[in-house]
Number of protein chains: 6
Amino acid sequence: MSERYPLADLDELPDDLRERILAEQEKAGFVPEVLLMFGRRPAEMRAFFAYHDALMEREGNLSKADKEMVVVAISGQNNCLYCVVAHGAILRIVKKDPLVADQVAGSYRTAELTPRERAICDFATKVNLRSDELSDAAFAALHEHGLDNEDAWDIAAITGLFGLSNRMANATDMRPNPEFYLMGRVPRQK
Amino acid sequence: MSERYPLADLDELPDDLRERILAEQEKAGFVPEVLLMFGRRPAEMRAFFAYHDALMEREGNLSKADKEMVVVAISGQNNCLYCVVAHGAILRIVKKDPLVADQVAGSYRTAELTPRERAICDFATKVNLRSDELSDAAFAALHEHGLDNEDAWDIAAITGLFGLSNRMANATDMRPNPEFYLMGRVPRQK
Amino acid sequence: MSERYPLADLDELPDDLRERILAEQEKAGFVPEVLLMFGRRPAEMRAFFAYHDALMEREGNLSKADKEMVVVAISGQNNCLYCVVAHGAILRIVKKDPLVADQVAGSYRTAELTPRERAICDFATKVNLRSDELSDAAFAALHEHGLDNEDAWDIAAITGLFGLSNRMANATDMRPNPEFYLMGRVPRQK
Amino acid sequence: MSERYPLADLDELPDDLRERILAEQEKAGFVPEVLLMFGRRPAEMRAFFAYHDALMEREGNLSKADKEMVVVAISGQNNCLYCVVAHGAILRIVKKDPLVADQVAGSYRTAELTPRERAICDFATKVNLRSDELSDAAFAALHEHGLDNEDAWDIAAITGLFGLSNRMANATDMRPNPEFYLMGRVPRQK
Amino acid sequence: MSERYPLADLDELPDDLRERILAEQEKAGFVPEVLLMFGRRPAEMRAFFAYHDALMEREGNLSKADKEMVVVAISGQNNCLYCVVAHGAILRIVKKDPLVADQVAGSYRTAELTPRERAICDFATKVNLRSDELSDAAFAALHEHGLDNEDAWDIAAITGLFGLSNRMANATDMRPNPEFYLMGRVPRQK
Amino acid sequence: MSERYPLADLDELPDDLRERILAEQEKAGFVPEVLLMFGRRPAEMRAFFAYHDALMEREGNLSKADKEMVVVAISGQNNCLYCVVAHGAILRIVKKDPLVADQVAGSYRTAELTPRERAICDFATKVNLRSDELSDAAFAALHEHGLDNEDAWDIAAITGLFGLSNRMANATDMRPNPEFYLMGRVPRQK
């Protein structure tokens with residue numbers, strides 16, 4: 001647990017945030033540390049999740065797995081342990097693939113991806129590391145895979161928003177909950 | 001004007017956003033392009049400005065000029081023309097200094113800054129470029145100038161949030177309004 | 001499986017290599033792909049494992065876990081999926097810690113390490129990324145933790161040897177066996 | 001001579017290594033420092049030279065001069081004085097070209113090379129500096145010059161093996177014997 | 001004003017330099033700090049301006065605005081405040097464009113340039129940052145826009161000469177005169 | 001010989017340049033290619049050598065060997081073959097040391113230098129690669145070795161001026177005369 005910033009006390013959070021956190025806890029079985037860290041500043045937390053939900057739930061040509069792949073790829077590039085581990089878990093689950101997250105976190109170039117997925121990661125990487133070099137050719141490369149400029153916007157904004165959370169996680173020394181490391185690696189028993 | 005994304009039509013925006021934009025227009029005399037670009041996606045725009053206002057208006061040990069200095073410094077590092085020019089204008093105005101923005105946008109290391117301002121830029125730069133290297137020593141360097149961990153959070157979050165807008169501005173090819181280039185450079189006539 | 005290089009056929013390997021591979025298979029329950037890839041060139045494979053064993057089994061002040069930590073840290077820096085996944089598994093097992101490998105693979109700077117472990121990773125990182133900057137101060141930093149120049153040699157040679165296998169794995173497009181991804185993450189059932 | 005590690009005493013080395021060293025001495029007229037440094041650890045030395053000989057003596061489409069060119073090019077990139085100077089000497093001799101080594105050590109891009117040699121250096125450079133970016137196109141570029149995937153393996157393995165010796169030379173502060181600097185620069189007198 | 005080096009005293013300068021400086025003062029209304037800094041070493045100053053004039057006044061296919069654009073672009077890449085501000089002013093004036101300098105100083109890739117101007121900046125950037133990668137293709141890209149090898153020479157030499165003054169300005173902590181920041185931003189009143 | 005630019009014809013050069021070149025030829029026994037390349041533009045050539053002579057012949061605390069060491073170090077960093085080879089020859093001769101140039105060209109950090117020489121190379125390297133980071137501490141490090149700010153100016157200006165010639169040599173594809181490679185490596189016979 002971070003020594004730089006004490007986590008928020010769940011009982012003292014505003015109702016809307018406590019409810020969101022309890023809902024997450026119900027779903028996951030634990031409270032992700034990011035929620036109690038971001039909960040230290042309720043207005044910022046509300047803004048972050050409003051942005052997050054707007055992007056991750058928008059209906060476009062990108063699947064939820066595509067979007068989580070972007071999160072994992074750029075979090076790896078930004079050396080953010082928390083986001084690699086937590087969103088790696090989500091990626092394994094939504095993609096029903098126990099291996100992909102570790103592959104993408106290291107370098108999407110050696111991951112087993114489709115050409116369309118690789119094009120998405122190429123675009124996200126340009127946004128992440130040298131956005132002033134984004135030329136029309138970068139957009140055209142997405143178009144070749146049936147993705148339009150609104151999808152490009154999604155990739156860019158997801159890259160930017162998680163670039164923000166990567167930096168906050170590293171600055172606050174956020175620790176991924178141990179449960180995240182294992183989620184989605186083993187088939188659920190019935 | 002961007003050829004990648006048509007700007008939002010002010011008349012068709014939701015009331016709350018249109019009012020915010022009209023208020024900005026009244027204050028500045030023009031509508032900053034970022035508002036009409038972000039207006040294409042109202043939910044994201046609301047989230048961005050909620051985050052922005054929470055950070056920029058929080059009362060702490062950082063002045064508004066300190067915060068805008070961070071925005072200009074990291075926007076320069078991220079090669080974002082829109083944010084350098086638009087926030088450069090704001091920095092000139094709030095700091096009542098016609099020269100500082102051009103200095104900080106290039107490299108804060110050669111700018112005429114106080115040691116405290118330099119420490120703020122040092123911290124923001126670590127957050128921006130290699131956040132996994134943020135050690136306790138980086139926080140201690142802020143403490144020496146009377147800044148606490150909540151101020152460090154502000155610097156980190158401002159760096160992250162504008163890192164997001166830097167990337168969106170470059171991806172959408174946002175163009176700074178010509179008025180921004182000149183604002184704050186000449187004393188107002190009375 | 002790599003399309004660039006067909007794997008060796010176990011039955012056609014020289015006896016000494018086939019026996020080593022069968023021994024590994026008995027221990028792990030599967031044949032790590034690296035053995036069948038390196039098996040394509042028996043003389044090189046023998047040399048690699050002779051070097052490997054000399055380093056990994058030398059008695060010094062570095063534990064086996066320390067050495068595997070070095071392998072994982074530098075393989076992450078070199079973006080080698082195979083070595084991160086395979087040696088991540090070994091690190092989890094020898095350190096009896098299901099979390100450490102993912103932490104070190106991303107960035108040892110945000111991993112939960114002791115100061116001694118961090119010093120080892122600092123030294124390995126200098127060797128890996130800019131070995132001409134290795135000054136006497138780098139050795140002195142190891143001495144502070146009870147490590148001597150022979151331990152420094154071990155770190156340097158392990159970094160170099162796995163830098164070689166990182167490059168071979170990426171050049172041959174070696175794929176980690178799926179079993180590696182999960183090994184050491186869950187306590188053995190009794 | 002290195003102050004970090006005393007060199008091995010030739011008289012106390014195991015017979016096989018002493019014989020190899022004496023043979024080298026007979027051929028060159030002096031004992032290359034690398035042999036006495038590596039001799040400190042006989043098992044590692046045997047492994048290194050077994051690997052070295054397997055690669056450098058394999059019959060393929062790469063000449064000995066091609067292979068030494070790779071060594072010099074990547075040793076220059078890795079800032080390894082010992083290997084640049086010692087293998088620069090070998091390159092001059094086997095290529096019967098007194099100028100090529102200094103050219104390749106600096107930057108093969110400005111060296112007087114054939115397109116085939118340039119393609120070899122391009123591939124080695126990718127292996128050396130960013131092996132996860134090795135795509136099928138990198139292999140195809142070799143194929144255009146009559147080189148096959150086994151030759152590519154040679155380039156990759158030579159790059160990796162000398163990347164190891166580059167790092168060991170810098171870590172141990174190995175000094176090239178003065179004789180190496182001049183070898184192959186002047187035509188032998190008859 | 002620099003604390004590292006006292007500026008030259010105009011009255012004590014050799015006649016030829018004092019006259020050049022007075023002429024500049026008459027034209028600009030102030031004495032650019034670079035003149036008094038370089039004036040500390042008259043022989044070097046004469047050489048610098050002889051080189052400068054030979055390049056900037058040569059008749060070729062590059063306009064004066066093209067040449068000043070190169071100066072601003074590479075000075076931005078080299079983080080030289082003095083040259084960005086002083087030559088930014090000149091670029092605004094000769095190009096009669098109040099916006100272009102700030103655009104080019106940040107990243108010419110997001111500036112509103114013609115394809116020909118972009119090709120010029122591409123070439124200058126290669127010269128500035130990795131001149132050993134200048135291939136025949138880089139020259140061919142200029143030829144496509146009606147520029148010949150003498151124009152390429154001009155771009156290379158301007159990039160090199162201002163790379164020298166960038167480094168001198170940063171080493172001496174030269175401060176741009178405040179007047180430069182505003183020049184060329186507002187239409188002259190009649 | 002460069003295919004991009006035909007060399008100047010000695011007979012058609014202005015008298016002053018032809019005489020300088022003939023004097024060099026008399027001293028060295030051959031005409032260095034740089035003179036015939038720069039001779040293509042007499043005014044620029046005169047300016048270059050005026051600058052060169054002012055710096056290299058100024059009497060200060062830096063010896064000629066110190067100055068040539070700076071040239072070789074930064075030419076290596078800039079990957080300029082011509083300057084590494086030609087000034088490497090000069091450095092060997094003026095320092096009466098046949099080994100130092102190859103050491104410094106690769107990486108001064110592994111060269112056999114005195115602490116004072118290392119401090120000079122540290123300063124030159126900062127000037128060359130990131131001049132905006134030159135702080136007062138960089139100057140203080142020179143002062144510790146009896147060097148003053150005028151010597152610092154010399155180092156900075158030599159670094160800048162040869163940074164210019166490095167870029168011109170690479171842009172014009174200048175080839176070092178074969179004689180340079182050997183000069184100063186063997187003791188003169190008497």
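This is a short chat about how the chains of a predicted model meet and which charged side chains pair up.

Visitor: Before we start, what should I know about the numbering and the model?
Guide: Residues are numbered from 1 along each chain as its sequence is written, while chains are lettered from A and ligands numbered from 1 in the order in which they are written. The model is predicted, local features need pLDDT of at least 70, side-chain atom pairs count only at pLDDT 80 or more, and totals for chains, interfaces and linings use all residues, with side-chain values resting on heavy atoms and leaving out hydrogens and water.

Visitor: How many residues does each side bring to the contact of chain B and chain A?
Guide: Chain B gives 41 residues and chain A gives 41 residues, where contact means heavy atoms within 4.5 Å. Between them the two chains bury about 3,700 Å², 58% of it on carbon and sulfur atoms; buried area is the accessible area (1.4 Å probe) that two parts lose on being put together, summed over both.

Visitor: And how many salt bridges cross that interface?
Guide: The rule finds 8 between chain B and chain A, a salt bridge being a side-chain nitrogen of Lys or Arg within 4 Å of a carboxyl oxygen of Asp or Glu. One pair in a salt bridge is A:Asp136 with B:Arg4, at 3.1 Å from N to O. Salt bridges also link A:Arg40, A:Arg41, A:Glu44, B:Arg58, B:Glu150, B:Asp151 and B:Asp154 in a network.

Visitor: Switching chains, where do F:Arg109 and C:Asp132 lie?
Guide: Their side chains meet in a salt bridge at 4.0 Å, N to O. F:Arg109 is in the loop between α6 (100–106) and α7 (115–129) of chain F, and C:Asp132 is in the loop between α7 (115–129) and α8 (136–143) of chain C, so the pair joins two chains. Helices here are DSSP runs (H or I, at least four residues), numbered from the N terminus.

Visitor: Are those two buried or exposed?
Guide: F:Arg109 is partly exposed, with a relative accessible area of 33%, whereas C:Asp132 is buried at 7%. Buried means under 20% relative accessible area, exposed over 50%, and partly exposed in between (1.4 Å probe, protein chains only).

Visitor: What about D:Arg185 and D:Asp102?
Guide: They form a salt bridge whose closest N and O atoms are 2.9 Å apart. D:Arg185 lies in the segment after α10 (178–182) of chain D and D:Asp102 in helix α6 (residues 100–106), so the pair ties together parts 83 residues apart in sequence. Both D:Arg185 and D:Asp102 are buried.
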